[in-house]
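Visitor: Please take one part of this model and examine it closely. I should like to follow it outward from its pairing partners to whatever packs around it.

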Amino acid sequence: MKYVGIAAYSGSPPDHLRVACEEFIESLSLCCDVSKTVIVVGGYWGLMRYVVDNALKYGFKVLILPPLEMEDVNFPEEAIVVRTGTSFRVRSVFLVRTSDVLVVLGGAGGTIQELITAYVEGRPILVLSMTGLATDKLSVLAPYIDERKTSVIKYVGNPKDLAQEVCNYLRSRVLG
């Protein structure tokens, strides 16, 4: 199995991000092996809800790692839910460490924390640009946050191209 972590806005997403989310998941289903790919998210609200609903619609396995404060949310029956018993920030570390690659679909402080965690943990990071959210501001840090170069941060402007980048990465990990 390959695990695609998705960091996404926890607030009410603007229409263009909901559309981008669906385009990303649909494109991912066309270029990756759905039966061997798990989508990992940190909850079932905000843009994450659209990620989960679309991933299930396209046949992906979905793993949700909610924080303690949100463990009582009504999750889809088809999703695998691991109630971490941890805070928002700690559960974000679990999300990143579970993932082979982190995709950032736009977000604020929590999403930025997941991006930084992925960088220091050496996980590749693919970011949807031009979302209008705070994660766009981090493009000045790409491709590396510091001299350690523990991971590459790549900004991609189109959700379909973003999905292709994810699939290319996962294929290279299988072959290499």
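Guide: In this predicted model, strand E1 (residues 2–7) and strand E5 (residues 101–104) run parallel and are joined by four bridges. Within this pairing, Gly5 has Leu102 of E5 as its bridge partner, and Val4 stands opposite Val101 in E5. From E5 the chain passes through H4 to E6, and this β-α-β crossover is right-handed.

E1 also pairs with strand E2 (residues 37–41): four bridges join these two strands, which run parallel. One bridge partnership here is that of Lys2 with Thr37 of E2. The connection belongs to a right-handed β-α-β unit made of E1, helix H1 (residues 15–31) and E2.

E5, for its part, is joined to E6 by three bridges, and these strands too run parallel. Val103 stands opposite Leu126 in E6. In general terms, the strands of a sheet pair through backbone hydrogen bonds, in either a parallel or an antiparallel manner. The pairings described so far belong to an open sheet of seven strands with parallel pairing, in the order E4-E3-E2-E1-E5-E6-E7. Strand E4 (80–81) and E7 form its edges, each pairing on one side only.

What lies on the two faces of E5? Both faces are covered: Val101 and Val103 are buried on one side, and Leu102 and Val104 are buried on the other.

Two helices deserve attention in this connection. The first is helix H3 (residues 88–98), in which Arg91, Ser92, Leu95 and Val96 are buried. These four residues lie on the same side of H3, because they cover an arc of only 145 degrees around the axis. The buried residues of H3 pack against E1, E2, E5 and helix H4 (109–120).

H4 is the second. This helix has 12 residues and reaches 17 Å from its first C-alpha to its last, close to the 16 Å expected at 1.5 Å a residue. Its buried residues are Thr111, Gln113, Glu114, Leu115, Thr117, Ala118 and Tyr119. The cover over them includes E1, H3, E5, strand E6 (125–128) and strand E7 (153–156). Just after H4, Gly122 adopts a positive phi of about 80 degrees.

The nonpolar packing can now be considered. The largest nonpolar core has 39 residues, of which Ile6, Phe24, Leu28, Ile39, Leu105 and Val166 touch the most other members. Two or more residues of this core come from each of E1, H1, E2, helix H2 (46–57), strand E3 (61–64), E5, E6 and helix H5 (159–175). H1 gives the largest share, namely seven residues. For Phe24, the contacts, leaving aside residues up to four places away in sequence, are Ile6, Val103, Leu105, Pro159, Leu162, Ala163 and Val166. A second, separate core of 17 residues includes Leu65, Val104, Leu115 and Leu138. Val103, a contact of Phe24, and Val104, a member of the second core, are buried on opposite sides of E5.

Beyond E6, the backbone of the loop that leads to E7 merits a closer look. As a general rule, most residues other than glycine have a negative phi, and most peptide bonds are trans. Met130, located in the loop between E6 and E7, has a positive phi of about 60 degrees although it is not a glycine. Is Met130 buried or exposed? With a relative accessibility of 63%, Met130 counts as exposed. Lys149 has its place in the loop between E6 and E7 as well, and this residue, again not a glycine, has a positive phi of about 50 degrees. Pro143 is likewise found in the loop between E6 and E7. The peptide bond leading from Ala142 to Pro143 is cis, its omega being near 0 degrees.

To return to the starting point, E1 is joined by four bridges to E5 and by four to E2. E1 is also among the elements against which the buried residues of H3 pack, and among those that cover the buried residues of H4.

Notes:
Residues numbered from 1 in each chain as written. Predicted model: local features only at pLDDT ≥ 70, side-chain atom pairs only at ≥ 80, totals over all residues. Heavy atoms only, no water. Pairing = 2+ DSSP bridges. Right-handed = clockwise from strand over helix to strand, strands pointing away. Buried < 20%, exposed > 50% of the residue type's maximum accessible area, 1.4 Å probe, protein only. Arc of directions from axis to C-beta. Contact = heavy atoms within 4.5 Å. Expected span 1.5 Å × (residues − 1). Core = buried A, V, L, I, M, F, W, Y, C linked by side-chain atoms within 4.5 Å.
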